[in-house]
Amino acid sequence: ALPGHLLRGLLPLLTVFRLERAEDAARRAGLSTQPIWRKLWDDVMKTRPPNSENITCWRKKFLETFFSNVLHGVLDVSSDWRLNDHHFSPLLHSSPHVSQLTLCNMLQGAVELTAQHNHKVLENLASSLRILKFQHLLSSDQSIRRSLVLLLHRLIHHGSVSQVSMYSWPVPDTVLLVLILSMSAGFWRSGNALTYRGTPCGLCREDDKAQSQSVQERAERGCYAEREGSDCENQKGPPRAPEEADACMNSVLSSPRSPLLRNQACEETSGEGPCDHTSIQEGSSPHCGSGQLSCHPILQKTRRRLKPAVGRKRRCLRRSRGPCTDPEDLYDFVFTVAREDNSGLLDKTSTTEGQNAENWTSSSPGSPCTGHAGCKKRGGPAGTFSLKASHCFRSVSTLELFSIPLTAETCRTLSNLLSSWVSLENLVLSYNGLDANISCILSGLRALSRHPDCRLRVLRVSDVFSHMPCLELVCCILSTFPQLHTLSVSFDLKNQLEGNRPERNPSCREAEIPESCLEQLEIRFPREPLHTTFLLPVLKASKSLQQLSLDSATLPCSQELRLLLEALKEFTPNLKKLSFHDVNLAEHQKEVLFLLQDPVLQEITFSFCRLFESSTAEFLSELINTVKRNSSLKSLKLPGNRLGNQRLVALADIFSEDSSSSLCQLDVSSNCIKPDGLLEFTKKLEGHIQQRGGQIQFTHLRLFQNWLDQDAETAQEALQRLKAVCSVVNDSWDSSQAFADYISVM
């Protein structure tokens, strides 16, 4: 309860522990601790964080980074007196502020977080953590994977993590990769197999107990409500209508998200057959198939009451004897999941309800069992552990895979997981070497799209080589998954050898695309010709399209761009943003002017399109006059178009007194602009603003990578005067070094 002026002087003298405790008192006194946390960052971290101008809370930024650095052993708390407080537990006190965490290399962080002494730290992360990242992973042994299982189970299945991202794994460990993917999708074996130092997961037991009680109450209410004067537990004879009771029980157990729909791996008793597991059926639980439900102890008890003649043939994992598979043997589970039969998951139309999906064994990685459907061949010390026999938990909504090669078998695993991953909203597959395996991924997405609870709305696919022409792939994806709101397809190069490139797939290109929900479409062509006729089916089906970006396309003829613009005007009435990047428009000046007249577009981007490479003063004048007359255009981006000083100065006339333009943002980055040209542009702009009585809507100017370092004094004057007019975003770019780098790679 110190006075404000005393508290203001005391705050900078506090340790991190005391400063954190004084946060509420400072807020009540109207004091901000942000400058202190910022100074702590500069003194302790000694680096400039990326996008520092966008950081709104330096307290959170510091404590989150501090947690990560301490966890990975790159920061010594004794290095600064403000960190060295005997009351301060670095991981425990900073963990509530951690919303994203990166685990690297040998997953030492996972081992540390699942240690007994960090139990409270893990509990804090379960509430605060939203994004979990893996980067530069290496192969790991069984004990490390065990720690990772415990960590993922707590943070995803019983926590708040909604996004899992993996980066830069040139030679991925298949066991580890599939383990992370499966647990991110909410799949793992029964809760009793997830132990913490030999103790089963308490959260799983609490959930199971509550859910079992709920299902038992529902079953008893529904099936025995009409039996007046008789208690269900004491009923000795069968019900008056056994078939009606069975129907009632089935309706209870087949309700969405019912815990009994979770396929559990049931142990095989001596001389008795194993528990069958049917394929996931239409309308069943998103992740769980409707397997033999007699595995569950509650169901066993109820069925004995309904049909006393049926003997008990199976026991459930959740009984005292534990799981049928060795809880330490992750290898068997991972490779069985990788070989899960796609037909039961992906092609539901070809199988009848109740038909068992084909099971695979783990006798040897990569060699599936070739037996008949429902094969129960045991092929290893741990036996068969199917994806359909796994437990169903909470799953993440965003999955990102960057620079991780995916083999055919891993793609089949991912396809299986995707087919029922209804919580997934964003999927990013970047530089995974998919090639022909993209069709396997699409199969999983096709099955997912048929699920009524599917939430996937964003799909981004990028790679070095394209397996098929970009527009064909776009058509395939949209015909498979018309519910998408955002679709991005990007490739760097065509296939290595043009002769190895597959022939055009007419079924894909000519596939009928139903009316889609697409709002944003981004296509990066590997220097392929842009054929508007192939894009037309996409545009016709995408009435809701608001953003279109075309990158690195070539225009086969002078009329192609005109056809595209006319098609956009006809079929996409809601289009607000249109972007061209690295498309040579030097010979398409009429089409550029036609586009700038569009009364609906609010943002137009010509990025590195060589717009002024061979242009005349007449074209520049027409461009300026066209923009002046367009009152709907809010943003014009012209980076990398060889604008230069003179053309920049001329662009100031867009804001003249006779202009009806509503332009708010102008991007002239990478345009060889020098300080004297920028200063002249500023003076001319100031004159127009004065003539208009200060009434101008221009708010943002972007100046990245221009030659402003050639005269620092002039550049500083121009920037100071500009900042009085609008928000200016620039950088300290070394033009001489950039030119030297350019010469060195020529």
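In this predicted model, strand 15 and strand 16 (residues 635–637) lie parallel to each other and are paired through three bridges. Within that pairing, glutamate 603 sits opposite serine 635 of strand 16. The connection between the two strands is easy to follow on the structure: strand 15, helix 23 (residues 617–629) and strand 16 together form a β-α-β unit that is right-handed.

Strand 15 also has a partner in strand 14 (residues 577–581), to which it is joined by five bridges, again in the parallel sense. Here glutamate 603 is the bridge partner of lysine 577. From strand 14 the chain passes through helix 22 (residues 589–596) before reaching strand 15, a β-α-β crossover that is likewise right-handed. Glutamate 603 therefore makes a handy landmark for the reader, as a residue of strand 15 (residues 603–607) that faces lysine 577 in strand 14 and serine 635 in strand 16.

How many of the five residues of strand 15 are buried? Five of the five are, so the strand is largely enclosed by the rest of the structure. The side chains alternate in direction, with Glu603, Thr605 and Ser607 pointing one way and Ile604 and Phe606 the other way, and all of them are buried.

Attention now turns to helix 26 (residues 712–723), where the expected and modelled lengths can be compared. Its 12 residues, at 1.5 Å a residue, should span 16 Å, and the C-alpha atoms at its ends are 16 Å apart, which agrees. The buried residues of this helix are Thr714, Ala715, Ala718, Leu719 and Leu722. Because they cover an arc of only 130° around the axis, they fall on the same side of helix 26. This fits a familiar rule: an α-helix has 3.6 residues a turn, so residues three or four places apart point the same way. The cover over the buried residues of helix 26 includes helix 25 (675–691), strand 18 (700–702) and strand 19 (727–729). On the face turned away from the buried side are the exposed residues Ala712, Glu713, Gln720 and Lys723.

A last stop is arginine 82, found in the loop between helix 5 (58–71) and helix 6 (90–94). Is this residue buried or exposed? Its relative accessibility is 11%, so arginine 82 counts as buried, the cut-off for that class being under 20%. Apart from neighbours within four places in sequence, arginine 82 is in contact with Leu14, Thr15 and Val16, and also with Lys39, Leu40 and Asp43.

Conventions:
Residues numbered from 1 in each chain as written. Predicted model: local features only at pLDDT ≥ 70, side-chain atom pairs only at ≥ 80, totals over all residues. Heavy atoms only, no water. Helix = DSSP H or I, 4+ residues; strand = E, 2+ residues; numbered from the N terminus. Buried < 20%, exposed > 50% of the residue type's maximum accessible area, 1.4 Å probe, protein only. Contact = heavy atoms within 4.5 Å. Pairing = 2+ DSSP bridges. Right-handed = clockwise from strand over helix to strand, strands pointing away. Expected span 1.5 Å × (residues − 1). Arc of directions from axis to C-beta.
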